[in-house]
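Me: I am new to this structure and should like to learn how its features are read. Might we begin with the end of a helix?

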Amino acid sequence: MKGCWKLTAVAVLCLYWVPIWGFAAEKQLRFGKNGEFKILQVADMHFADGKTTPCEDVLPSQVASCSDLNTTAFVRRMILAEKPHLIVFTGDNIFGFDATDAAKSLNAAFAPAISSNIPWAAVLGNHDQESTLSREGVMKHIVGLKNTLARVNPVEAHIIDGFGNYNIEVGGVKGSGFENKSVLNLYFLDSGDYSTVSSIPGYGWIKPSQQLWFERTSAKLRRAYRDKPEAQKGPAPGLAYFHIPLPEFASFDSTNFTGVRQEGISSASVNSGFFTTMVAAGDVKAAFTGHDHLNDFCGKLNNIQLCYAGGFGYHAYGKAGWARRARVVVANLEKTEKGGWGAVKSIKTWKRLDDKHLTAIDGQVLWSKTSTGPRRKKQIGGT
């Protein structure tokens with residue numbers, strides 16, 4: 001089976017990973033003292049009923065002992081290995097058809113993030129609402145969980161489609177000139193589940209009301225970045241997260257992406273224009289999705305990197321022998337002439353496989369402040 005606002009985020013972030021015991025409302029999500037901000041993306045957990053839920057598409061030797069608990073273990077391993085500042089779940093968090101109780105499944109699916117006390121965010125996929133909660137109910141439940149930065153919808157948008165449209169601002173290093181300025185902007189959007197237009201088959205899409213909210217939010221953030229203190233000439237880089245890939249993900253082949261494409265691009269059957277909207281805004285440097293579990297590539301189109309995370313969950317279709325995986329994104333700040341931390345210098349990514357060594361693969365630079373040339377590959381090192 002296939003894929004079978006303005007928010008000031010609140011968290012105290014540490015240079016090293018230690019439990020963050022609660023959030024202080026006056027504190028903003030920000031870069032660590034080492035000038036780094038790391039995001040762990042978890043796509044398509046497809047969590048259902050825990051240890052009684054069997055795995056899909058695993059090797060015969062794995063079948064007997066494999067369940068949703070393997071997904072949970074993988075999340076925990078990734079958190080311990082990467083020590084992210086933020087965990088982002090990009091939809092199909094639960095597989096509704098097989099989840100007896102949606103609330104219990106959601107609690108279990110997000111339990112590793114909750115217990116880590118690391119800030120986390122989530123958007124919905126096309127399967128989250130197929131159990132005992134409506135789509136709105138699922139998002140409201142997520143927002144009520146501990147340590148989440150997710151929001152049902154932006155308070156300033158009185159009419160907006162979907163549930164789970166919001167943004168998070170990431171401030172510069174505390175004590176630097178960028179302390180009170182968002183140097184990295186994260187956009188989260190509900191890409192829908194299935195078309196509600198009888199003449200249009202297939203999956204949902206990002207609607208005009210959502211794009212209007214994005215345009216206004218992006219414009220507001222770009223203006224703030226150009227204002228004093230530390231007035232900047234260009235926009236702060238932005239990253240977008242949603243579940244269903246855009247039609248533009250089909251623009252690549254093996255000659256112009258990093259990763260693999262092992263299945264078709266299951267986007268909506270219509271193009272709602274959101275890619276063009278992002279290009280016009282000028283701040284989004286990369287967009288990250290899930291949905292197509294056997295694709296894990298990043299390709300660059302019109303200066304925006306379009307990236308899959310690859311399938312994560314074990315109760316989700318996959319490919320036996322092809323390891324489940326997760327994507328990591330790291331933004332690094334530039335050093336100022338006085339030795340402090342300034343704006344974002346580069347954004348890099350790699351993936352880790354759920355194997356014995358959590359093998360890191362496909363390290364690449366997604367965006368660099370000084371680079372306008374082709375995508376560069378790098379050795380995997382975590383920085």
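Reply: A polar contact is a pair of N or O atoms within 3.5 Å, one able to donate a hydrogen and the other to accept it. Please bear in mind that this model is predicted. Here, Asp 101 caps the N-terminal end of H3, with a side-chain oxygen 3.0 Å from the backbone nitrogen of Ala 103.

Me: How many residues does helix H3 have, and what is its span from first C-alpha to last?

Reply: Helix H3 covers residues 102-116, which is 15 residues. Its C-alpha span is 22 Å, close to the expected 21 Å. A kink of about 55 degrees lies at Phe 110, shortly before Pro 112.

Me: Which residues of H3 are buried, and what do they pack against?

Reply: An α-helix has 3.6 residues a turn, so residues three or four places apart point the same way. In H3 the buried residues include Ala 102, Ser 105, Leu 106, Ala 109 and Phe 110. The buried residues of this helix pack against H2, E3, strand E4 (120-123) and helix H4 (135-143).

Me: How should backbone angles be read?

Reply: Most residues other than glycine have a negative phi, and most peptide bonds are trans. Asp 57 has a positive phi, near 50 degrees, and is found in the loop between strand E2 (36-42) and helix H1 (60-63). Lys 83 also has a positive phi, of about 50 degrees; its place is the loop between helix H2 (68-82) and strand E3 (86-90). Just after H3, Asn 117 takes a positive phi of about 60 degrees.

Me: Is the peptide bond from Lys 228 to Pro 229 cis or trans?

Reply: That bond is cis, with omega near 0 degrees. Pro 229 belongs to the loop between helix H5 (208-226) and strand E7 (238-241).

Me: How many disulfides are there?

Reply: A disulfide is recognised by two cysteine sulfur atoms within 2.5 Å. By this rule there are two. Cys 55 and Cys 66 have their sulfur atoms 2.0 Å apart. Cys 55 lies in the loop between E2 and H1 and Cys 66 in the loop between H1 and H2, so the bond ties together parts 11 residues apart in sequence. Cys 298 is joined to Cys 307, with an S to S distance of 2.1 Å.

Me: What is the handedness of the disulfide of Cys 55 and Cys 66, and of the link of Cys 298 and Cys 307?

Reply: The torsion about the S-S bond of Cys 55 and Cys 66 is about -80 degrees, so this disulfide is left-handed. The link of Cys 298 and Cys 307, with 120 degrees, is right-handed.

Methods: Residues are numbered from 1 along each chain as its sequence is written. This is a predicted model: local features need pLDDT of at least 70, side-chain atom pairs count only at pLDDT 80 or more; totals for chains, interfaces and linings use all residues. Side-chain values use heavy atoms; hydrogens and water are left out. Helices (H or I, at least four residues) and strands (E, at least two) are DSSP runs, numbered from the N terminus. The expected span of a helix is 1.5 Å times one less than its number of residues. The bend at a residue is the angle between axes fitted to the seven residues ending there and the seven starting there. Buried means under 20% relative accessible area, exposed over 50%, partly exposed in between (1.4 Å probe, protein chains only). Contact means heavy atoms within 4.5 Å.
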